[in-house]
Amino acid sequence: MARFAAKHLVFLLLTLFVVSFLVFALNEFSPGDVARKELGAYATQDQVDALTKRLRLDRPLLVRYAEYLGKVAVGDLGYSARFKAPVAGVIWKHLANTALLAAIAFACIVPFSMVLGILAGMRESSRLDRAILLFSTLMASIPEFALGVFLASVFVVWLGWLPGTATLVAGGGWSLSAQLVLPVAVIVLFDAGYVISMIRASMVEVMQRPYIRTAVLKGLPFYRVILGHAVRNAMINPITVILLQINYLVAGVVVVETVFAYPGFGRMMLEAALFKDIALIEAGALVAVGLAVLTNILGDVAYMILDPRIRA
């Protein structure tokens with residue numbers, strides 16, 4: 001385990017190093033110089049030249065990149081031109097909002113997907129299996145923005161049961177929990193469609209294994225066969241996919257956050273890109289990539305826990 005942890009830590013640091021350099025270089029070589037991007041299209045050339053001199057942007061790329069790494073190492077991520085605040089504070093604020101949304105959604109996705117996936121895979125081609133498979137395929141096929149608009153049309157416009165935005169600001173007669181209902185529902189329905197299909201496919205494969213038939217022929221109750229033999233083995237392959245959803249829930253729900261005006265990490269990165277907030281884009285990319293690598297590591301650890309053969 002120590003060797004495993006050390007290897008993945010080195011991989012994480014190397015990945016962050018490569019990504020930070022690529023993002024830094026892309027911002028440098030994309031159309032328009034850095035100072036022009038910071039000041040906007042309507043700034044005069046004198047203003048651009050003054051900012052270039054003040055930020056010392058006329059130095060070689062590698063020199064400025066080394067300086068950037070030194071600042072990142074001590075926690076200085078720069079200043080956000082979009083939010084008029086230090087980048088570190090902006091990122092952690094929006095990341096905390098997305099973590100709240102992701103935690104609630106993940107806590108719903110996992111049991112919901114496991115129950116439906118296991119029920120479908122227990123008896124392949126049954127009516128229940130076909131119904132669950134149809135549901136999961138339909139949910140995975142509907143784009144997030146379309147699902148969000150549909151749910152808002154029903155529960156906001158028609159029934160008036162829920163608010164149409166999730167700004168996390170109490171007011172208008174809606175509690176914070178009520179504001180989270182629709183964003184969580186969209187994420188759970190969309191993401192669970194894919195996870196259900198993965199668990200079902202793994203469960204179908206496990207139910208055809210010889211040890212399952214042997215357990216049934218020995219006269220074990222069917223629920224003991226499922227809970228004691230099938231479920232654990234069926235979850236070995238999907239567990240990696242399930243843990244990878246953490247990365248999607250944090251960095252990939254920009255559509256949901258935009259539809260419901262949720263002040264999360266994905267929407268923050270969209271605004272940073274639209275306003276060409278270079279410091280925020282660079283720091284956000286590091287956070288997103290770091291999270292992606294960490295979820296892969298968690299998936300490997302979970303795989304080792306569920307399958308003793310890997311530990312051996």
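The questions and answers below walk through a predicted model of a protein chain.

User: How many helices and strands are there in the chain?
Analyst: The chain has 312 residues, and buried residues make up 41% of them. Among contacts between residues at least 6 apart in sequence, 69% join residues at least 24 apart. As for the elements themselves, the chain holds 15 helices and two strands.

User: What distance should the residues of helix H4 span, and what is the distance between its end C-alpha atoms?
Analyst: Helix H4 covers residues 61-73, which makes 13 residues. At 1.5 Å a residue these should span 18 Å, and this agrees with the distance between the end C-alpha atoms, which is also 18 Å.

User: Which residues of H4 are buried, and what arc do they cover around the axis?
Analyst: In H4, the buried residues are Leu61, Arg64, Tyr65 and Tyr68. They lie on the same side of H4, because the arc that they cover around the axis is only 100 degrees.

User: Which residues on the other side of H4 are exposed?
Analyst: A residue counts as exposed when its relative accessible area is over 50%. On the side of H4 opposite the buried residues, this description fits Leu62 and Ala73.

User: Which residue just after H4 takes a positive phi?
Analyst: Helix H4 consists of residues 61-73, and the residue in question comes just after this helix. Its phi is about 90 degrees, and the residue is Gly75.

User: What separates Lys71 and Glu67 along helix H4, and how far apart are their closest N and O atoms?
Analyst: Lys71 and Glu67 are four residues apart in helix H4, so about one helical turn separates them. Both are partly exposed, Lys71 with a relative accessible area of 39% and Glu67 at 31%. They form a salt bridge, for which the limit is 4 Å, and their closest N and O atoms are 3.9 Å apart.

User: How many residues apart are Arg82 and Glu271, which form a salt bridge?
Analyst: The closest N and O atoms of Arg82 and Glu271 are 3.1 Å apart. This pair links distant parts of the chain, since Arg82 sits in the loop between strand E1 (79-80) and strand E2 (85-86), while Glu271 belongs to helix H13 (residues 265-274), and the two are 189 residues apart.

User: Is Glu271 buried or exposed, and what is its relative accessible area?
Analyst: Its salt-bridge partner Arg82 counts as partly exposed, at 28% relative accessibility. Buried means under 20% relative accessible area, and Glu271 is therefore buried, with a value of 15%.

User: Which residue forms a salt bridge with Glu205?
Analyst: The structure holds five salt bridges, and in the one formed by Glu205 the closest N and O atoms are 3.1 Å apart. Glu205 is partly exposed at 40% relative accessibility, and its partner is partly exposed as well, at 31%. That partner is Arg209.

User: Where does Asp191 lie, and how far away is the nearest side chain of opposite charge?
Analyst: Asp191 lies in helix H8 (residues 176-207). Not counting residues up to four places away in sequence, Asp191 touches Ile109, Gln245 and Tyr248. Side chains of opposite charge can pair when their charged atoms come close. Asp191, however, is buried yet has no salt bridge, and the nearest side chain of opposite charge, that of Arg200, is at a distance of 18 Å.

How values were computed
Residues numbered from 1 in each chain as written. Predicted model: local features only at pLDDT ≥ 70, side-chain atom pairs only at ≥ 80, totals over all residues. Heavy atoms only, no water. Buried < 20%, exposed > 50% of the residue type's maximum accessible area, 1.4 Å probe, protein only. Lys, Arg positive; Asp, Glu negative; His and termini not counted. Contact = heavy atoms within 4.5 Å. Expected span 1.5 Å × (residues − 1). Arc of directions from axis to C-beta.
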